[in-house]
Amino acid sequence: MATCPPYPTHPTGPTGGALRHAHWWQRRWVRYGALSTLLALSGLVILALVREQTGTEGFLVGLGLAVLPVPLLVASFRWLDRVEPGPWRNLLFSFAWGACAAALIAIVANSFATRWIATATADPSHADTLGATVIAPVVEELAKAAAVLLVFLFRRRDFTGIVDGVVIAGVTATGFAFTENILYLGTAFGTDQLSGDSGIASVTAATFFVRVIMSPFAHPLFTVLTGIGFGIAALSGERQHVRRVLLPLLGLLLAMGMHAMWNGSSTFGEYGFFAVYATLMVPAFGLLTWLVIWTRQRELRTVREELPAYVVAGWLSPGEPFALGSMRERRVARQYARRHGGRTAARTVAQYEAYATSLAFLRHRGRRGRAGADFVVREQELLHALWHRREFARPALEHAAAAQSWRGHEHGYGHPHVAPMPVYWQSYGQVEGPMYGPAPYPAYNPYRT
């Protein structure tokens with residue numbers, strides 16, 4: 001997931017000049033304020049609705065139990081995003097949307113639809129079944145997909161591939177499942193209070209086992225299919241309009257279908273739930289896990305293949321592409337920086353790694369003809385970001401690459417990526433960065449022949 005550049009690109013008018021008089025609704029603080037207000041109001045309303053249905057004691061019990069899988073799920077999605085970690089604000093928005101806005105939409109729409117069907121058919125039991133297997137999957141997946149769509153449209157720089165779609169969709173669904181689990185667990189606790197049941201035989205224990213132990217990944221698994229659709233669309237060219245529309249819709253339909261199968265498993269007989277769990281959920285979870293890990297490895301390979309062009313141009317040292325293309329060497333570089341420069345140095349190296357990854361992905365899209373019109377501007381922003389962090393990052397990454405080379409010699413193989421320092425690099429450190437003086441070496445431009 002791409003990180004935001006340190007130097008913002010200002011909007012331009014038809015002639016390329018700065019757009020000085022933007023409308024009031026186009027200002028960032030207005031949009032952020034409106035979105036924050038919407039999420040806050042949704043949170044208050046959903047809090048009141050859940051508390052009214054479960055009671056104060058049931059709400060607190062449900063909250064305490066529902067929060068248990070959240071750190072693990074968020075950490076898992078953050079781990080997937082470590083190659084090109086995105087800003088936390090996107091994850092916070094996604095979780096808040098899922099927990100507040102999407103949950104509120106689902107509760108209101110599901111209740112309204114189920115009551116309408118019950119009134120129209122005079123068959124409440126049939127209405128509940130239809131609501132769970134048809135209405136709920138459609139409403140809930142649409143509500144969660146809205147967060148993915150918003151990030152795709154308004155945070156386009158942060159949404160560059162499949163992993164980005166998986167992370168945003170997964171965190172959104174984690175927030176949604178959190179609120180839904182509070183409702184279900186709180187309601188189960190209220191039922192146990194009325195019946196006097198407790199312990200393993202209680203409804204609360206059974207609900208906790210099914211929703212938190214066996215299937216904490218259920219909602220994320222559904223919505224990740226939508227995220228993959230948006231991720232593949234993000235990899236498509238700007239002119240491939242049909243593909244960019246159809247792929248997210250296909251992912252959304254798959255998410256609805258799997259959600260419907262899961263909700264309808266209880267109607268398939270005594271062992272329907274276990275059959276769907278074993279034949280659908282577990283294989284799908286394994287397949288998607290393999291896909292995102294394979295995608296992450298492909299991203300690291302892209303870093304190793306694209307960054308050497310900037311070594312030739314003089315922006316990077318010879319060992320950096322290899323160190324940046326390995327999660328192990330990245331960690332070694334951060335540890336080295338922390339030992340010699342403290343937390344600030346380690347944070348700087350982490351930022352350098354993220355910017356370098358964004359630069360590699362940008363060049364990869366440029367070579368495939370998928371870069372936007374702001375390619376050159378974006379490339380310069382990323383190069384300047386690297387240049388300003390080179391004091392801490394470059395020695396740490398060179399140390400990581402050299403350490404790997406030494407380990408390779410100990411095991412009898414060489415290091416193909418670390419070459420002797422070229423002659424033109426001997427002048428490094430005697431000139432200022434590109435922002436403040438002549439560039440030591442020209443910026444790389446894949447469009448230049």
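## Helix H8 and what covers it

In this predicted model, helix H8 buries Arg244, Pro248, Gly251, Leu252, Ala255, Met256, Met258, His259 and Trp262. The cover over these buried residues of H8 includes helix H4 (124-154), helix H7 (218-235) and helix H9 (272-306). If you would like to trace H8 on the structure, follow residues 241-263. The helix has 23 residues, and the distance from its first C-alpha to its last is 34 Å, close to the 33 Å expected at 1.5 Å a residue.

There is also a surface feature to look at here. Val242, Val245, Leu246 and Leu249 make up a nonpolar patch on the surface, and together they have about 380 Å² of accessible area. Leu249 sits in helix H8. Its relative accessibility is 44%, so Leu249 counts as partly exposed, whereas Pro248 and Gly251 of H8 are buried.

## Aromatic pairs

How many aromatic pairs does a search of the whole structure find? The search gives 11. One of them joins Trp262 and Tyr277 in a tilted arrangement, with 6.2 Å from centre to centre and 45 degrees between the planes. Because Trp262 belongs to helix H8 and Tyr277 to helix H9, this pair ties together parts that are 15 residues apart in sequence. Both Trp262 and Tyr277 are buried. Ring pairs also gather Trp262, Phe273, Phe274 and Tyr277 into a cluster.

Now for another pair, Trp290 and Trp294. Their ring centres are 6.1 Å apart and their planes meet at 20 degrees, so this pair is stacked. The two residues are four apart in helix H9, so about one helical turn separates Trp290 from Trp294. Are these tryptophans buried or exposed? Trp290 is exposed, with a relative accessible area of 52%, while Trp294 is partly exposed at 37%.

## Salt bridges around Glu381

Nine salt bridges turn up in a search of the whole structure. Among them is the bridge between Glu381 and Arg157, whose closest N and O atoms are 3.2 Å apart. This pair links distant parts of the chain: Glu381 is in helix H13 (residues 375-388), and Arg157 is in the loop between H4 and helix H5 (162-195), 224 residues apart. Glu381 is buried, with a relative accessible area of 6%. Its partner Arg157 is partly exposed, at 26%.

Glu381 has a salt bridge with Arg378 as well, and there the closest N and O atoms are 3.7 Å apart. Arg378 and Glu381 are three residues apart in helix H13, so about one helical turn lies between them. Arg378 is buried, with 5% relative accessible area. Put these contacts together and you have a network of salt bridges that links Arg157, Arg378 and Glu381.

## A bridge from H9 to H12

Which residue forms a salt bridge with Glu306? The partner is Arg367, and the closest N and O atoms of the pair are 2.6 Å apart. Here too, distant parts of the chain are linked: Glu306 is in helix H9 and Arg367 in helix H12 (residues 327-367), 61 residues apart.

The two ends of this bridge have their own accessibility values. Glu306 is buried, with a relative accessible area of 1%, whereas Arg367 is partly exposed, at 48%.

## Thr172 and its contacts

One last stop is Thr172, which lies in helix H5. With a relative accessible area of 0%, Thr172 is buried. What is Thr172 in contact with, leaving aside its neighbours within four places in sequence? The contacts of Thr172 are Ser94, Trp97, Gly98, Lys144 and Ala147.

Definitions and conventions
Residues numbered from 1 in each chain as written. Predicted model: local features only at pLDDT ≥ 70, side-chain atom pairs only at ≥ 80, totals over all residues. Heavy atoms only, no water. Expected span 1.5 Å × (residues − 1). Buried < 20%, exposed > 50% of the residue type's maximum accessible area, 1.4 Å probe, protein only. Contact = heavy atoms within 4.5 Å. Patch = residues over 30% accessible without salt bridge, like charges linked within 9 Å, V, L, I, M, F, W, Y side chains within 5 Å. Areas by Shrake-Rupley, 256 points an atom, 1.4 Å probe, with all protein chains shown as cover. Salt bridge = Lys/Arg side-chain N within 4 Å of Asp/Glu carboxyl O. Phe/Tyr/Trp six-rings, centres within 6.5 Å; stacked < 30°, edge-to-face > 60°.
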